[in-house]
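Okay, thanks for coming, everyone. I'll put the structure up now, and then we'll walk through it piece by piece.

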Amino acid sequence: MFGLFKNNKSQADKDTSIKIVGLTKVYRMGDVEVHALRGVDLEVKRGELIAIMGPSGSGKSTMMNIIGCLDTPTSGEYYIDGIQVSKLSDDQLAEIRNKKIGFVFQSFNLLPRVPAIDQVELPLIYGGGDNRRKRAKDAMAAVGLADRMGHKPTELSGGQQQRVAIARALVTNPSIILADEPTGNLDTRSSEEIMAIFQKLNEEQGITVIFVTHEPDIASHTKRVVRLRDGRVLSDEVVAVQRRASEVLAALPDEHIQEVVHK
Ligand code: ADP
Ligand code: MG
């Protein structure tokens with residue numbers, strides 16, 4: 001009987017990628033307190049693809065940074081793959097971040113003059129492991145940049161730079177990818193290309209993907225949209241018709257014919 005109970009529990013944990021209970025975050029600036037998160041509950045199943053929306057200042061980045069182990073909450077509990085992250089030391093947080101999470105930022109956060117392939121390899125140098133070059137090449141190929149390995153970010157378009165950043169997030173083989181407004185600086189085609197990569201990674205490799213966006217069209221590439229407002233979950237809704245990025249891309253007018261000719 002106890003065995004059965006235990007199995008049920010571990011089954012529940014096994015299917016849960018992220019669980020957040022009563023998460024709060026207060027920033028203190030002198031005498032002023034900013035309540036960025038006021039008690040957020042969220043459960044994300046393994047292999048989900050989720051969009052986070054909400055007005056500026058609603059706490060989206062704060063929540064993403066805490067989920068990504070880049071920041072710690074003021075109170076509340078947070079589990080990743082069943083591990084209670086809110087109790088971990090800074091060193092342990094860094095380890096979880098390296099092993100389980102790939103983070104993608106709006107502004108790419110690449111080194112401007114270092115070849116793409118070297119930047120993608122960088123997380124493996126911290127984390128150790130064999131076949132670093134091969135794994136970096138595979139990650140570049142996975143985002144469709146096999147022919148741009150030696151390019152520096154200054155020689156790449158915004159969309160290509162974001163794909164390098166996704167390759168860098170992917171190279172450690174994370175179970176979760178977190179992206180804070182990944183298409184915020186990109187045009188429609190580049191945004192759809194990023195969504196096509198997220199949908200592929202999610203569907204083919206079962207990676208849990210959570211991204212922040214302001215655009216309803218971009219959010220509708222998921223099956224689930226969570227809205228924040230004033231540091232709380234305002235709504236958590238199922239998307240009726242999921243947009244397929246590959247289909248949207250195929251239907252876009254070919255404005256990049258120029259680039260194809262130059263290849
Ligand atoms: P969003 O990403 O939804 O725009 P944020 O999570 O960045 O929202 O911010 C939520 C609130 O917390 C805002 O009021 C913001 O000004 C405040 N905030 C965010 N980061 C800090 C910080 N490092 N120090 C003080 N206040 C912050
Ligand atoms: Mg933000």
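Let's go straight to D81: buried or exposed, or something in between? D81 has 18 C-beta neighbours inside 10 Å, so it counts as partly exposed. Remember that this is a predicted model, so that count comes from predicted coordinates. You'll find D81 in the loop between strand 4 and strand 5. Its phi is near 50°, which is positive, and D81 isn't a glycine. As a reminder, most residues other than glycine have a negative phi.

There's another one like that, so let's hop over to N131. Here phi is near 55°, again a positive value in a residue that isn't glycine. N131 sits in the loop that runs between helix 4, residues 116-127, and helix 5, residues 132-142. Why do I call N131 exposed? Because just 10 other C-beta atoms lie within 10 Å of it, and the cut-off for exposed is 12 or fewer.

And while we're on positive phi, C69 follows helix 2 and has a positive phi too, near 60°.

Okay, the sheet. Four strands make up an open sheet, in the order 2-1-4-5, with antiparallel pairing. Strand 2 and strand 5, the latter being residues 83-84, are the edges, and each of them pairs on one side only. For anyone who wants the reminder, strands of a sheet pair through backbone hydrogen bonds.

Start with strand 1 and strand 2, which pair antiparallel over eleven bridges. If you want a register mark, K25 has L37 in strand 2 as its bridge partner. The two strands form a hairpin with two residues between them, and G30 in that turn has a positive phi of about 65°.

Then there's the pairing of strand 1 with strand 4, residues 75-80, which is also antiparallel and runs over five bridges. The mark to look for here is I20, whose bridge partner in strand 4 is Y78.

Past the end of strand 2 we get to G47, in the loop between strand 2 and strand 3, which is 49-53. G47 has 15 C-beta neighbours inside 10 Å, so this one is partly exposed. What does G47 touch, if we skip residues up to four places away in sequence? The answer is N202, G206 and T208. Also, the C-alpha atoms of G47 and T16 are separated by 9.0 Å, with their positions 31 residues apart along the chain.

Now the ligand. Around ligand 1 we have Y27, M29, V34 and A36, then G54, and then S56, G57, S58, G59, K60, S61 and T62. Which elements supply at least two residues of that shell? Those are strand 1 (16-29), strand 2 (32-45) and helix 2 (60-67). Helix 2 has the largest share, with three residues. Sorted by class, the shell comes out as four nonpolar, seven polar and one charged.

So let's stay on helix 2 for a second. Six of its eight residues are buried, so this helix is largely enclosed by the rest of the structure. The buried ones are K60, T62, M63, M64, I66 and I67. Two of those, K60 and T62, also appear in the list around the ligand.

Next, the other strand pair. Strand 6, residues 101-105, is mostly covered, with four of its five residues buried. Strand 6 pairs with strand 7, residues 176-180, and this time the sense is parallel, over five bridges. The partner of F103 in strand 7 is L178.

L178 is worth a stop. Beyond its neighbours within four places in sequence, L178 contacts M64, I67, G68, I101, F103 and I210. M64 and I67 are among the buried residues of helix 2. L178 also comes up in the largest nonpolar core, which has 60 residues: A167, I177 and L178 touch the most other members. Helix 6, residues 158-170, gives the most to this core, six residues. In general, nonpolar side chains tend to be buried together in soluble globular proteins.

Last bit, confidence. The protein chain averages a pLDDT of 91, and 91% of the residues score at least 70. Where is pLDDT under 50? Over residues 1-11, and there the model has zero contacts beyond four places in sequence. Where pLDDT is low, the predicted coordinates should not be read in detail.

Key: Residues are numbered from 1 along each chain as its sequence is written. Chains are lettered from A and ligands numbered from 1 in the order in which they are written. This is a predicted model: local features need pLDDT of at least 70, side-chain atom pairs count only at pLDDT 80 or more; totals for chains, interfaces and linings use all residues. A residue is near a molecule or strand if its C-beta atom, placed from the backbone, lies within 6 Å of it. Ala, Val, Leu, Ile, Met, Phe, Trp, Tyr, Cys and Pro count as nonpolar, Asp, Glu, Lys and Arg as charged, and the others, Gly among them, as polar. Two strands pair if DSSP finds at least two bridges between them. A residue is buried if 20 or more other C-beta atoms lie within 10 Å of its own, exposed if 12 or fewer, and partly exposed in between; C-beta atoms are placed from the backbone. pLDDT is the predictor's confidence in each residue, from 0 to 100. Two residues are in contact if their C-beta atoms, placed from the backbone, lie within 7 Å. A nonpolar core is a set of buried Ala, Val, Leu, Ile, Met, Phe, Trp, Tyr and Cys residues joined through C-beta atoms within 7 Å.
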